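Please open the model in your viewer and keep the selection tool at hand. The tour proceeds from the domains to a single strand and its partners.

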Amino acid sequence: ATPAATMVGTTIGAQNGVLFEGGDVLERVRDVDTVVFDKTGTLTNGEMELTDVVSVGPRADGGELQYDEESLDEDGVLRLAASAERDSEHPLARAIVEGAEERGLDLVSPESFENVPGQGVRATVDGREVLVGNRTLLSEADVDVGPAEETAERLESEGKTAMFVASAPTGTSEGEVVGVLANADTVKATSAEAVRTLRERGTDVWLITGDNERTARAVAEEVGIDPENVRAEVLPGDKADAVSDIQSDGRKAMMVGDGVNDAPALAAAFVGVAIGSGTDVAIEAADVTLMRDDPVDVVRATRISEGTLAKIK
Ligand code: ADP
Ligand code: MG
């Protein structure tokens with residue numbers, strides 16, 4: 001593009017809350033044929049709220065209960081999980097802790113705490129080893145999620161993120177799933193419109209998330225993304241590879257994300273787009289920043305690039 005076209009496009013963008021970084025970005029945006037959306041915080045508001053606490057068990061083992069019944073009621077499960085999540089900054093963790101506080105539960109400080117990226121947390125609470133997280137977290141600790149699977153699947157098919165809570169007496173390998181928690185997030189008001197408009201323009205739309213397959217598909221359905229274009233359970237370190245994979249057949253993908261996790265994927269994409277309320281790391285990695293956090297501004301970015309480049313050559 002001529003310097004004049006670039007200047008016009010960049011100015012119109014800025015007036016519309018779409019910040020293009022650098023001269024050749026407008027041209028790249030025009031050539032995009034695929035848009036990959038991150039789920040949490042991009043298509044959804046990213047404001048998690050604890051909606052469900054389900055206790056699993058107590059189950060008898062050799063005639064004896066593994067744990068005292070009291071610790072296994074809903075409040076017991078939530079108190080254990082929220083205490084384990086106390087030191088975690090993850091939005092899922094914050095929602096669990098807030099939910100426990102709203103219910104007036106007294107949380108304790110964990111004796112130990114470990115964050116397992118893309119999976120959950122591991123902590124010691126009241127002398128028990130506690131796990132809160134997804135299936136991978138539990139299965140890697142040899143804990144059977146079976147007794148909680150049905151509950152989790154039900155919650156996930158409602159588009160919620162289900163998290164398993166497991167507990168074991170410290171130093172033993174007798175971990176058992178004691179409950180399931182679910183956090184709900186809400187889809188942004190304009191996500192479906194953004195997806196529909198992009199698809200009408202012939203752009204292929206994908207969804208990528210660390211969240212589980214069932215939750216991801218429920219959200220995809222709500223916004224109008226085909227199930228085969230959903231990449232779920234992508235570990236934080238693997239998002240960039242997933243984007244490269246989508247681009248491997250020569251596609252030119254625009255990746256739209258907000259999180260620290262998304263930054264490498266934004267850099268790997270043909271065009272990286274950051275949501276303005278997202279993390280600084282994402283904004284730094286991006287070629288375009290959307291100041292209004294509105295997914296429809298992805299369409300606006302495309303229109304601005306096409307419009308200015310077509311008019312001024
Ligand atoms: P996202 O891409 O949705 O931001 P992450 O990659 O951070 O998700 O995490 C992937 C999955 O790991 C979550 O959907 C959740 O099941 C689990 N998880 C991660 N962190 C936590 C946590 N602090 N507590 C419970 N579960 C967690
Ligand atoms: Mg996100």
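Domain bounds here are those of an automatic or database domain assignment. The model is a predicted one.

**The two domains.** Begin by selecting residues 3-46 together with 186-311, which the assignment gives as domain 1. Then select residues 49-182, given as domain 2. Taken over C-alpha atoms, the centres of domain 1 and domain 2 are separated by 34 Å.

**Where the domains meet.** Next, display the contacts between the two selections: 11 residues of domain 1 are in contact with 11 residues of domain 2. On the side of domain 1 that touches domain 2, the residues comprise four nonpolar, four polar and three charged.

**Strand E10.** Now select residues 176-184, which form strand E10. Is this strand mostly covered or mostly exposed? Strand E10 is mostly covered, with eight of its nine residues buried.

**The partner E3.** Add residues 49-55, strand E3, to the selection. Strands E3 and E10 pair in the antiparallel sense, over six bridges. To locate one point of this pairing, pick Leu50, whose bridge partner in E10 is Asn183.

**The partner E9.** Replace E3 with residues 161-169, strand E9. The pairing of E9 with E10 is also antiparallel, and it runs over seven bridges. Here, pick Ala162 and find Ala182, its bridge partner in E10.

**The hairpin turn.** Finally, move to the connection between E9 and E10, a hairpin with six residues between the strands. Select Gly171 there and inspect its backbone: phi is positive, near 80 degrees.

Note on methods
Residues numbered from 1 in each chain as written. Chains lettered and ligands numbered in written order. Predicted model: local features only at pLDDT ≥ 70, side-chain atom pairs only at ≥ 80, totals over all residues. Contact = placed C-beta atoms within 7 Å. Nonpolar A, V, L, I, M, F, W, Y, C, P; charged D, E, K, R; others polar. Buried ≥ 20, exposed ≤ 12 C-beta atoms within 10 Å, placed from the backbone. Helix = DSSP H or I, 4+ residues; strand = E, 2+ residues; numbered from the N terminus. Pairing = 2+ DSSP bridges.
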